[in-house]
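Me: Please take a close look at one chain of this assembly. I would like a connected account of how its strands pair, how its parts meet, and how it touches its neighbour.

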Amino acid sequence: MKFDFDNNIPIYLQLVTELKRDIISGKLSAGERLPSVRDLALDLKVNPNTVQKALVELEDIGLVFTERTNGKFVTEDNSLIEKYKQEYANTMTQKYMETMRKIGLSKNEILLLINNLGGNV
Amino acid sequence: MELLQCIDLNKNFKKKQILKNINLSIPRGKIIGLLGKNGAGKSTLIKLINDLLTVTSGQILINGKPIGVESKKIISYLPERAYLDKGMTVDKTIKYFEEFYENFDSEKAYKLLKDLGLDTNQKLNKMSKGMQEKVQLVLVMSRKADLYILDEPLGGVDPATRDYILDTILTNFNDGASVIISTHLISDIERILDNVIFIDKGEIILTAEADELRNREDASIDEIFRRMFKC
């Protein structure tokens, strides 16, 4: 795992977003054991406390759970992962639509664009 | 009990007041950035904590006790300027550290120096400036201390050395220990900080949790610092 942090946004929030994306994309699969806080921190070159904070947040929304002696795992609840995946897809699509509307494209034009480009993505 | 506490601290040099009414509390297990422009008072504060200068008034407590011989045992300090005898080899310097500090882990030091690909039989003055800085940092981080105080560890090093230094700090501080890093090169280190302390003209202007501050101001620590202390 390696990504560039944007110093303008709280680091733990960026970590939450990144880990969430890894889970809904299946890069981290359901039930998979997460690396330890220390290993994650070293890997990402951030403070262990920041990693801890991000994991607590993911635990709060149910995507991660702690097994007392074994560490942290990705949830085994596939319907929950699916729910966050839908939510993510909706948000990104809305953002895209907004941007296209801002430059004056109608819904039909946007759909046409997606259809035309569809073969290339 | 807090690891470090500064209470109503003042420091004058002759008639000039260098530090004004400093109140600080440093908890365990955190990486803290002491951020200020040149001449803001960072190094003076650090020297006071290390008992190298005496306070004009106020108190400094480490683990609840006044600073002194005991506190020197648990603080590992990297001064701003090179302090090692450059005519000595690295091996000899490590011997000195072993004798001087009970908590010095020479095995760890050798391991880190080996990772650097360094010939430890070499004299310090035969090495590049960047390499000397790395050796000094390795020695400081190889002590099992409660508090690491690094005064401008990034001054004048190239980006690759800077990355090495940040990695070494992150990888090597003891569980439950804290690290204070003083610097004016904020963007380089802000990613690894838990808390920040802004110091200007001898006064503490702001203390905050780094991510909370970013959230509140919608900007990087570097940006917030620049806005605050526009020249």
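Strands, domains and contacts of chain A

Reply: A:Phe65 has A:Phe73, in E2(A), as its bridge partner. The model is a predicted one, in which local features require pLDDT of at least 70 and side-chain atom pairs count only at pLDDT 80 or more, while totals for chains, interfaces and linings use all residues. Residues are numbered from 1 along each chain as its sequence is written, chains are lettered from A and ligands numbered from 1 in the order in which they are written, and side-chain values use heavy atoms, with hydrogens and water left out.

The partnership of A:Phe65 and A:Phe73 belongs to the antiparallel pair of strand E1 (residues 64-67) and strand E2 (residues 71-74) of chain A, joined by 4 bridges. Two strands are taken to pair if DSSP finds at least two bridges between them; helices (H or I, at least four residues) and strands (E, at least two) are DSSP runs, numbered from the N terminus. With 3 residues between them, E1(A) and E2(A) form a hairpin.

Chain A is assigned two domains, domain 1 (11-76) and domain 2 (79-120), with bounds that come from an automatic or database domain assignment. Their C-alpha centres lie 28 Å apart. In contact (heavy atoms within 4.5 Å) are 10 residues of domain 1 of chain A and 5 residues of domain 2 of chain A. The two domains bury about 720 Å² between them, 74% of which comes from carbon and sulfur atoms. Buried area here is the accessible area (1.4 Å probe) that two parts lose on being put together, summed over both. Between these domains there are 0 salt bridges, a salt bridge being a side-chain nitrogen of Lys or Arg within 4 Å of a carboxyl oxygen of Asp or Glu. There are, however, 2 residue pairs in polar contact, both residues at pLDDT 80 or more. A polar contact is a pair of N or O atoms within 3.5 Å; within protein, one must be able to donate a hydrogen and the other to accept it, and residues adjacent in sequence count only if both atoms are side-chain atoms. On the side of domain 1 of chain A that touches domain 2 of chain A, helix H1 (residues 11-24) of chain A gives the most, with 4 residues. By class, that side of domain 1 has 6 nonpolar, 2 polar and 2 charged residues. Ala, Val, Leu, Ile, Met, Phe, Trp, Tyr, Cys and Pro count as nonpolar, Asp, Glu, Lys and Arg as charged, and the others, Gly among them, as polar.

Chain A also meets chain B. This contact takes 17 residues from chain A and 22 residues from chain B, and about 1,600 Å² is buried between the chains, 44% of it on carbon and sulfur atoms. B:Leu170, B:Arg191 and B:Asp211 supply 38% of the area that chain B buries against chain A, more than any other three residues. The interface holds 2 salt bridges; A:Lys53 forms a salt bridge with B:Glu209, with the closest N and O atoms 3.0 Å apart. Polar contact links 11 residue pairs between the chains, with both residues at pLDDT 80 or more. Helix H6 (159-172) and helix H8 (210-217) of chain B each supply at least two residues to the side of chain B that touches chain A. That side of chain B divides into 7 nonpolar, 5 polar and 10 charged residues.
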